[in-house]
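Colleague: I would like to go through this model with you slowly, asking at each step how a label was earned.

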Amino acid sequence: MQTVKMVVTGPFNAGKTEFIRSVSEIDVVSTERKISTESERVKETTTVAMDFGRITVDEDLVLYLFGTPGQKRFDFMWEILSEGMLGFVVMVDSARPETFREARSILETFRAYAPTPYVVAANKQDREDAWEIDDMRIALRLDPKIKLLPCVATEKEMVKNVLLELLYSILADMESKGGG
Amino acid sequence: MALKGNLRDYTITHLFRLINLAQKTGTLIVDGPNEKVLVSFREGKLAYAQAGQEDNSLVTILYQAKKLTAPQYRALKERAGNMSDKELGLLLVNANYINQQDILASLQNHFVAIVNRLFTWVEGFFRFESDLLPPEDKITVRVNLENIIIEGARQLHELEQLQDEIPNLDIALKFADRPGANIRNFNLSMDEWQVVRYINPKNTIRQIARATKMSDLQIRKIVYALLQAGLVELVRPEGAPRPAPPPQIAGRIPVSQPNPEEQRSLINRLINRIRSL
Ligand SMILES: Nc1nc2c(ncn2[C@@H]2O[C@H](COP(=O)(O)OP(=O)(O)O)[C@@H](O)[C@H]2O)c(=O)[nH]1
Ligand SMILES: [Mg+2]
């Protein structure tokens, strides 16, 4: 049995949990876990909420989707989460420009951890005050090569589309590296 | 769909950068604590501005710009009361009171002054209306936004905010390859020119700071202004190693698999599965 993972990241309230819930075959519970790192001198524990969802591909392959806790103070969690991921999705709430800067900073952080392909999902496009995709691309300072995809996390087809576009990017990335 | 928010979260500098890069046409309406300002754009250029209930008539603007004397001003106010700005402008030019360049320059200065005031606002709701254009009878101008943005961005001094904007100094800069982003059109300061000289994908911001003997804060301020004006872009420094891939966990991670065929097949299995969801 092989397991692979993709990470869904983005600011708090961007819709990460909702996104994973839309395609997961298991109930996505924001798991409250007590964790402590060895490097922490004081015996302190931090509560971290982490979502995960599962998609069984066949008898031999399972895909896990991990949602990251949005807060910066969980940076160290991101490093662990990003280990070995196939790629990642950055979720952004299209109706909350105040979170764009944080989204960009999260994106940069993840990109530094792992040079894997990623896509950006402009979520909550169903909201009346959602920004347009073209405006968001400029506001988020996205390279023209990076896919920015309209998304409504509660709509399964749109979530599927985001995941598929990420997989296409992963495939293209493999091809560009000379077939491996 | 909307382009709206609060200046606390999305600043005037950011908005102007967006309007400039997206070459937007329409009117930005900003509701501040004390007044309401309307700024109109045509294809990403400043066309018109109106602050609150301020007298925005051409006569008044020309008088304030000292292009009309007090008696001329009074006479025109009395007699040309019903004329539109466009009609009045034509009349003034025909009567040899003033030439067209002076009219446009006075309007331009007036609009830019309103806009510069906006850059000091930290609070206020904004919305951009694509359908709203300046009143028909008003004379409009065409001013590039780059210099206005640079001027406005120079007013940001908070290190914390600058750190957010440019988190990493080990990144390089390159000139934006965008029509209109011609360096010669920019009113740069000496310090800014110093930095511009070193812009090259091979030089990191940190290296440029060292070469120009600037502090982190100084270099951040300058790079921020150039970035906002759309003159430069951040790039991974040329020749720098890509970040090392994280350690692999055996048997779990497809990217570590030696066989590219297997990798591709794995991704294709995932694609097929997700399509069928
Ligand atoms: N209208 C709308 N609401 C959404 C969408 N995605 C998520 N939400 C709502 O936004 C809130 C935050 O979503 P959640 O998934 O918990 O965000 P997270 O903090 O990133 O995990 C919840 O109330 C969701 O129901 C969307 O695409 N459209
Ligand atoms: Mg969540």
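Modeller: Let us begin with a definition: helices are DSSP runs of at least four residues (H or I), and strands are DSSP runs (E) of at least two, numbered from the N terminus. In this model, which is predicted, chain A has 5 helices and 7 strands by that rule, and from the N terminus on its elements run β-α-β-β-β-α-β-α-β-α-β-α.

Colleague: What makes strand β1 of chain A count as largely enclosed?

Modeller: A residue is called buried when its relative accessible area is under 20%. In β1(A), which spans residues 2-9, 8 of the 8 residues are buried, so the strand is largely enclosed by the rest of the structure. For chain A as a whole, 57% of the 180 residues count as buried.

Colleague: How do you know which faces of β1(A) are covered?

Modeller: In a regular strand the side chains alternate between the two faces of the sheet. On one side of β1(A) lie Gln2(A), Val4(A), Met6(A) and Val8(A), and on the other Thr3(A), Lys5(A), Val7(A) and Thr9(A); all of them are buried, and both faces are therefore covered.

Colleague: Why are β1(A) and β4(A) called paired strands?

Modeller: Pairing needs at least two bridges between two strands. There are 7 bridges between β1(A) and β4(A), residues 61-67, so the two strands pair, and they run parallel; Gln2(A), for instance, stands opposite Leu61(A). With β5(A), residues 87-93, β1(A) shares 4 bridges, so these strands pair as well, again running parallel, and here Val8(A) stands opposite Val89(A).

Colleague: Turning to the two chains, why is the meeting of Glu175(A) and Arg264(B) called a salt bridge?

Modeller: The rule asks for a side-chain nitrogen of Lys or Arg within 4 Å of a carboxyl oxygen of Asp or Glu. The side chains of Glu175(A) and Arg264(B) meet at 3.6 Å, N to O, so the pair satisfies the rule. Across the interface of chain B and chain A, 3 salt bridges are found, together with 8 residue pairs in polar contact. On the side of chain B that touches chain A, α11(B), residues 260-275, is among the elements that give two or more residues, and its 12 residues are the largest share.

Colleague: What is the area buried between the chains, and how many residues are in contact?

Modeller: About 4,400 Å² is buried between chain B and chain A, with carbon and sulfur atoms giving 60% of it, and 44 residues of chain B are in contact with 49 residues of chain A.

Definitions and conventions
Residues are numbered from 1 along each chain as its sequence is written. Chains are lettered from A and ligands numbered from 1 in the order in which they are written. This is a predicted model: local features need pLDDT of at least 70, side-chain atom pairs count only at pLDDT 80 or more; totals for chains, interfaces and linings use all residues. Side-chain values use heavy atoms; hydrogens and water are left out. Contact means heavy atoms within 4.5 Å. Buried area is the accessible area (1.4 Å probe) that two parts lose on being put together, summed over both. A polar contact is a pair of N or O atoms within 3.5 Å; within protein, one must be able to donate a hydrogen and the other to accept it, and residues adjacent in sequence count only if both atoms are side-chain atoms. Buried means under 20% relative accessible area, exposed over 50%, partly exposed in between (1.4 Å probe, protein chains only).
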